[in-house]
Each structure stands twice: as structure tokens, then as C-alpha cells.
Amino acid sequence: MFGTVLIANRGEIALRVARTCRELGIRTVAVHSTADRDSAVVRFADRAVQIGPAAPRRSYLNIPAVIEAARATGADAIHPGYGFLSEDPDFAEICAEAGIVFIGPPPRVMQQLGNKAVARELMAAAGLPLLPGVVKPVADLEEAREVTARIGFPLVIKAAAGGGGRGITVVRHPSDFAAAYTGTRRTAQSVFGDSSVYIERYLDRARHVEVQVLVDQHGNGLHLGERDCSVQRRHQKLVEEAPAPGLTARQREQIGELAVRGALAVGYTGVGTLEFLLDEEGNFAFMEMNARIQVEHPVTEMVTGLDLVREQIRVAAGHPLELRQGDVALTGTSIECRINAEDPLRDFAPAPGLLEVLELPGGPGVRVDTGCAAGTPVSQHYDSLLAKLVVWAPDRPQAIARMQRCLGELRISGRGLATTRELHQNILASGAFREGRHHTGFLDGPESPLPVIEGKAS
């Protein structure tokens, strides 16, 4: 096992990783920007190293500074969390060259999965179902038009190197296609440094169902059940739950088998997630694979009783899995609500400010992952996630009731700050969510809870 792990991240995930490391008897190093010098993980970790100013490209994305901090503190492994360097194969290779273990999949696999078009091609070869479209980026507008003639509208144009909900354009009418194609390529080049795009059929009322997989370095792989992440704004998740409501036993078995097959086929190791769309006829189609720990991993932990970060670290250290598929037992229902510094009434625009009041809920089956505290500024430089409110209960109705109680208890406000708390209350109160009829277009559809919000969320 590792002696010292450097955590190349910030906020709730950095603190989350540090806590597991302490339980494993591993010393931790927190790297941080000047803006985070007083953060919770800096106080919690065994050592802290300031690596740059607030701007991420000069601190959390500054690879030479991170590597130098690891060398200076004697770290033998780096946990990247999610975001920042977590899916950067170049960073993983640099870690290896420096003799430091990157806690994640091999760089070659990460590079393949980072290109969504390549990932589609690999998964198609492994026998996973895809939506109608192409498995390679389209070369030009002429080829793109040929694809549209074949698959029809609506369709979606996606950046091959995309992620985080960016570089995605839904096109419903042929007259809008040329401008959407050009605009998406421009966005892809600007955001990801790669203008490649691919095209696939768009499903209006699909559900987003993803599977957590765990694979060791000895060829053993299993899945830890599925999550429903269909409540999204601008293609980014707001509410996640495990298990996905309404799936039959056969569907659960099918999607789990598909996910493990796909992960093993590409040589994946560690924890990862295969994302699928589920259409109204009950058919699954592979979307992409995320090669990291995910924001929503706590709901899987709540229904399995496993610590996914612990499993991730053990696999990276070369240990075989302690579990087999038959050992995985799923119990009850877990729901997670992301409390973001965003204003739902201004198209979820970031709304940072000074966090003045933070009172967290508690009680049985309640977990809150956050790196925030009252009195600290919420910086515009970073992701808008303030806290993850997670509940568990024996069944879904009780989990919804528990989450409603927790959202009512949560007090979070401050100067200039808006949050998604009230929106979550409306989502959980809606008939569509309570009956499991929600889908990826839920917040934009006729049953959206958005219009009933009065004033800013706070």
C-alpha cells in the first residue's frame, strides 16, 4: 500500500479522498491555490503545499508544480479526484516517468476513452449497442450532411474530446444544421483544443442510466449497480439516485453485463462509469465512459456499503478485488442533490459570493460532502458545486421524504450567492419525479418545476 498520497484537487472531493486515506493509514498531501489556503482539506491533510494563484491553469492544472510538490513531500501516488487533471493521459504519463503512481486507469486507455468517437468505436467492437450515427468524427460538412440524411432529425452534434456537458448541440431542423455544425466545431476547438465532432440520433425523452464498474489489474471486473442521472440542466447532472427507478431485473442484469464487458474490452482498471441512454421502449445505448471517480459516487456507496475511493486506491496499488459479482448486495435507495452556486432563474448562471450562513441537515441515513464553511468566499474561478446532499432509506418514497426534510433543514445563503436548493425542493415535489417519469428533457418540458420558483434560490 502507498505511504503518502498527494491529492491534486480541491473542495469536497479532496477532503473525501483525504478521509479515506487516513482510514487506510496513508499520509496525505494537499496542494492548494492561494484562494484555498484556509480550506478544509488544507487543515485536514498531514501536509499542505501552495502551488500557485487562484486561476486553475496556474495551480491545479500546473503539472510541473504538482509533480514538484509530490517529489518534495515524498508522495508515491497522486489521486486526481474528478475534473482538473483526472482524465489527462499526459499527466498520468508524466507521473509514471517520475516514479509516482497515478490513481486511475492506464494513460493509453484514458486517451482512447477521452475521445468520445474512439470510445464509441471501441464499445461497438465489444458488442455494446449504440444510437444510430457514426463511430468516427465526420471529416467535413459534406460528410456530416450525408450522415444526417441517413439518421434523420432530431440529432446531436458532440465534440469528440468533450466533457462536462460542453460541446453538445441538439439540432431539430435541417435548416439549422450547417450553423450548428460550424458552431460546435468552433466551441470544441476553443474549449478542448480539438475541433473534431461526431453525430448521433437524439432521443427526446430518454433516461440517463449509468453503471459503476470496478476492475483490478488482474483481469477481474464487476459492476456495483446503476444510477439514474436524468435530471440535468444544460447536459449537466443535478439529481442522481441508485438504483434507477422502474428498471426490471432483466434490464438491470443486461446493463450491468454490458458495462463490465465494455470496461474489460478496453483494458480499463480502477473505478469507472459507463453511461447509457434508455429509450421509451426500454432499449439501452452506450454514450461514453468516464475514467475517474464521479461526483455522484456516494449514492452507489450508500446502497452497496462500499468505499469506492478505498477500492480505487487498492486497485492502483496492485491489489486484487476482494469481491466477486455475487458478493455485491444492493440495499435500499439513495438520492443525491447537488447544491450549486447557480441561479436557476438565470439559466443556471454561476452565482458566486460570500457564504455567510451554512447549517447542514443530519439524522439517520444522511450524508453531506462539502469543503465549504460559513464565512468563506465562493470563488468564481472554480466549479459551482458547494455541497452534495445525500440520503439513504429502505425504499424510494422514504428516500424522497428524507431528502425533502433535509432540503428544508439546509440553510445556505450569503451576499451575492444564489443556489439550487429551492429548485431541488420543487423537483422532488413534482409528480414526474416522484412517479419515476422524469427524463433528460424534464427541466425543459411541460412538467418542469422551474416556473414555480419565486425569486432567486438562496
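Helix α3 (residues 63-73) lies across β1, β2, β3 and β4, and runs at about 155 degrees to β3, where helices (H or I, at least four residues) and strands (E, at least two) are DSSP runs numbered from the N terminus. The model is a predicted one, in which local features need pLDDT of at least 70 and side-chain atom pairs count only at pLDDT 80 or more, while totals for chains, interfaces and linings use all residues. Residues are numbered from 1 along each chain as its sequence is written, and side-chain values use heavy atoms, with hydrogens and water left out.

The strands beneath this description belong to an open sheet of 5 strands with parallel pairing, in the order β3-β2-β1-β4-β5; two strands pair if DSSP finds at least two bridges between them. At its edges stand β3 (47-52) and β5 (101-102), each with a single partner strand, so one side of each is left without a neighbour in the sheet. Strand β2 (residues 27-33) pairs with β3 in the parallel sense over 5 bridges, and H32 stands opposite Q50 in β3. Helix α1 also packs on this sheet, touching β1 (4-7), β2 and β4 (77-79), and its direction makes about 170 degrees with that of β1; contact here means heavy atoms within 4.5 Å, and angles run from 0 to 180 degrees between N-to-C directions, the axes being lines fitted to C-alpha atoms, for helices over the stretch in contact.

A second open sheet has 8 strands in the order β13-β12-β9-β10-β11-β14-β19-β18, with antiparallel pairing. Here β13 (284-290) and β18 (366-370) are the edge strands, each with a single partner, so one side of each is left without a neighbour in the sheet. Neighbouring strands of this sheet are turned by 25 degrees against each other on average, direction ignored. Strands β14 (residues 333-340) and β19 (residues 385-393) pair in the antiparallel sense over 8 bridges, and R338 stands opposite K388 in β19. Helix α1 (residues 11-23) packs on this sheet too, touching β18 and β19, with its direction at about 115 degrees to that of β18. Helix α6 (residues 116-125), in turn, lies across β12 (270-278) and β13, running at about 125 degrees to β13.

Helix α6 also meets another helix: its axis and that of α5 (residues 107-114) come within 5 Å and cross at roughly 105 degrees. The two helices are therefore roughly perpendicular to each other, a term that covers angles of 65 to 115 degrees. In this contact, Q112, L113 and G114 of α5 meet K116, V118, A119, L122 and M123 of α6.

Helix α13 (residues 421-429) has R421, L423, H424, I427 and L428 as its buried residues, buried meaning under 20% relative accessible area with a 1.4 Å probe and protein chains only. Seen down the axis of α13, these residues fall within an arc of 155 degrees, so they line one face of the helix; the arc is that of the directions from the helix axis to the C-beta atoms. Their cover includes β10 (221-233), β11 (236-242), β14, α12 (396-409), β20 (411-415) and α14 (431-434).

A single buried residue can be followed in helix α11 (residues 308-316), which contains E311. E311 has a relative accessible area of 5% and, leaving aside its neighbours within four places in sequence, is in contact with L214 and E322.

Technical notes
Buried means under 20% relative accessible area, exposed over 50%, partly exposed in between (1.4 Å probe, protein chains only). Angles under 35 degrees count as roughly parallel, over 145 as roughly antiparallel, 65 to 115 as roughly perpendicular and the rest as oblique.
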